[in-house]
Amino acid sequence: MTNELNADLVLEGGGVKGVALAGAVSMLEERGYRFRKVAGTSAGSLVGCLVAAGIPGTRLREMMQAVEYRRFRDPPPLGRLGPLGAFAAVLAFKGWCKGDALRSWVAECLQEAGVRTFADLPLNDVGAAAGLQDEPDRRFRFVAMASDLSQGRLVRLPWEYRERFGVDPGEASVADAVRASTAIPYYFRPARCPDRISGQEAWLVDGGLLSNFPIGVFDRADVEPRWPTFGIKLSGDPAVPTMNRIDGVVSLSRAMLSTMTGFYDRLRTGRPDVIARTIVVDTGDVSATDFDLRPDTAEMLFERGRKAAALFLDGDGQRAAWDFDAYKRRFRRACDAPAYT
């Protein structure tokens, strides 16, 4: 292995395509990177919590390829009665599947690394701790993004557990945060918890509804970064605008939903500084909700993730190899204040 390098990670959501995220992470790890902080949305939060827990790339590969994704389909008895039953389950429970099986799998994987609550993922970084004296609830290595339907805003867990829900973030379950972040609307039931600010119940669903690629979550404008924040993206090259083909009412509805849910991210992902630090993985035509994913398809996704990360680091005829110093010279100015991310 080469000399150890530090980096923060931001992982995009993408359902079962998250296997490709694990592939990219494994290549970065092989090249000597150690991940200090990790944030993710939906499948990005699922993979991200395992990375933050210190599970090595080789084991991560085994976990992601061995899982039977269909076990995550856990509808109640009502939801097993064909399409009408599924529709009735959505009406009754606001989601077809319970999400318990997914949460249990995440908890089992984390338990292997000795992680249960966010207190097991402390940010052991003197430089960062000094800069976060007024923000102790951010002193954790992992952040999961969820969408709060009750207030129409992005929720960053565990950062907002104390203020919003009256919960000590160190005592909060990591698996519960991932469960909220991965709650695909209508597919999984929303996660619900009392909101101490509004006095009502918060309904939390897939963070991708508001930000599927929260690349700026660790960015600071007032200091020079000590190490890079790499983004890993599954849904397309951020330099290429998304095109929605519209030829009828259904495609029009899909295009409107895509525009609404992707607008926030597109404000950021088209910027040159974001493109320069983003690894883009081509996941082909694999569907995010293909819970019948075949082992050979999972292997293909993993290898594509590895290939994309290697290309990002080494460059090719169209893109220069990754160079953190060159990145800072172009996009960041040095500051007099102590640098931390």
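User: Before we look at particular residues, what makes two strands count as a pair?

Analyst: Two strands pair if DSSP finds at least two bridges between them. The model here is predicted, and in it Val10 stands opposite Ala39 in strand 2. That position belongs to a parallel arrangement in which six bridges join strand 1, residues 5-11, to strand 2.

User: How does the chain get from strand 1 to strand 2, and which hand does the crossover have?

Analyst: The path leaves strand 1, passes through helix 1 (residues 18-30) and arrives at strand 2, and this β-α-β crossover is right-handed.

User: Is strand 2 mostly covered or mostly open, and how many of its residues are buried?

Analyst: Strand 2, which spans residues 33-41, is mostly covered, with eight of its nine residues buried. As a general idea for reading any such element, the side chains of a regular strand alternate between the two faces of the sheet. Strand 2 also pairs with strand 4 (residues 142-148), in the parallel sense and over four bridges, and within that pairing Thr41 has Met145 as its bridge partner in strand 4.

User: Which sense does the pairing of strand 4 with strand 8 take?

Analyst: Strand 4 and strand 8 (residues 201-206) run antiparallel and are paired over three bridges, and Ser147 is the residue that stands opposite Val205 in strand 8. Strand 8 also pairs with strand 7 (residues 191-194), again in the antiparallel sense, over four bridges, and there Arg192 stands opposite Trp203.

User: What should I look for in the hairpin of strand 7 and strand 8?

Analyst: Look at the backbone of the six residues between the strands, where Gly199 takes a positive phi near 80 degrees. The hairpin strands can also be read through their charged side chains, since Arg192 forms a salt bridge with Glu201 in which the closest N and O atoms are 2.9 Å apart. Arg192 counts as partly exposed because its relative accessibility is 48%, and Glu201, with a relative accessible area of 34%, is partly exposed as well.

User: How should I read salt bridges in general, and how many does the structure hold?

Analyst: Side chains of opposite charge can pair when their charged atoms come close. The structure holds 23 salt bridges, and one of them joins Glu112 to Arg59, with 2.8 Å between the closest N and O atoms. This pair links distant parts of the chain, as Glu112 sits in helix 5 (residues 100-112) and Arg59 in helix 3, 53 residues apart. Glu112 is partly exposed at a relative accessible area of 47%, and Arg59 is partly exposed at 28% relative accessibility.

User: Where do Asp219 and Arg277 lie, and why does their pairing tie together separate parts of the sequence?

Analyst: Asp219 forms a salt bridge with Arg277, the closest N and O atoms being 2.7 Å apart. Because Asp219 lies in the loop between strand 8 and strand 9 (229-233), while Arg277 lies in the loop between helix 10 (272-275) and strand 10 (278-280), the pair ties together parts that are 58 residues apart in sequence. Asp219 is partly exposed at 30% relative accessibility, whereas Arg277 is buried, with a relative accessible area of 4%. Elsewhere, salt bridges that share partners join Arg59, Glu62 and Glu112 into one network.

User: Why is Arg164 classed as buried, and what does its side chain contact?

Analyst: The cut-off for buried is under 20% relative accessible area, and Arg164 has 3%, so Arg164 is buried. Arg164 is found in helix 7, residues 161-165, and its side chain makes a polar contact of 2.5 Å with the side chain of Asp195. Arg179, in helix 8 (residues 174-181), is likewise buried, with a relative accessible area of 10%. The C-alpha atom of Arg179 is separated by 8.7 Å from that of Asp206, which is 27 residues away along the chain.

User: Which residues form the nonpolar patch on the surface?

Analyst: The patch is formed by Leu78, Leu81 and Phe93, which together have about 270 Å² of accessible area. Leu81 is in the loop between helix 3 (57-66) and helix 4 (82-93), and it counts as exposed because its relative accessibility is 60%.

How values were computed: Residues numbered from 1 in each chain as written. Predicted model: local features only at pLDDT ≥ 70, side-chain atom pairs only at ≥ 80, totals over all residues. Heavy atoms only, no water. Buried < 20%, exposed > 50% of the residue type's maximum accessible area, 1.4 Å probe, protein only. Helix = DSSP H or I, 4+ residues; strand = E, 2+ residues; numbered from the N terminus. Right-handed = clockwise from strand over helix to strand, strands pointing away. Patch = residues over 30% accessible without salt bridge, like charges linked within 9 Å, V, L, I, M, F, W, Y side chains within 5 Å. Areas by Shrake-Rupley, 256 points an atom, 1.4 Å probe, with all protein chains shown as cover. Salt bridge = Lys/Arg side-chain N within 4 Å of Asp/Glu carboxyl O. Polar contact = N/O pair within 3.5 Å; in protein donor to acceptor, adjacent residues only side chain to side chain.
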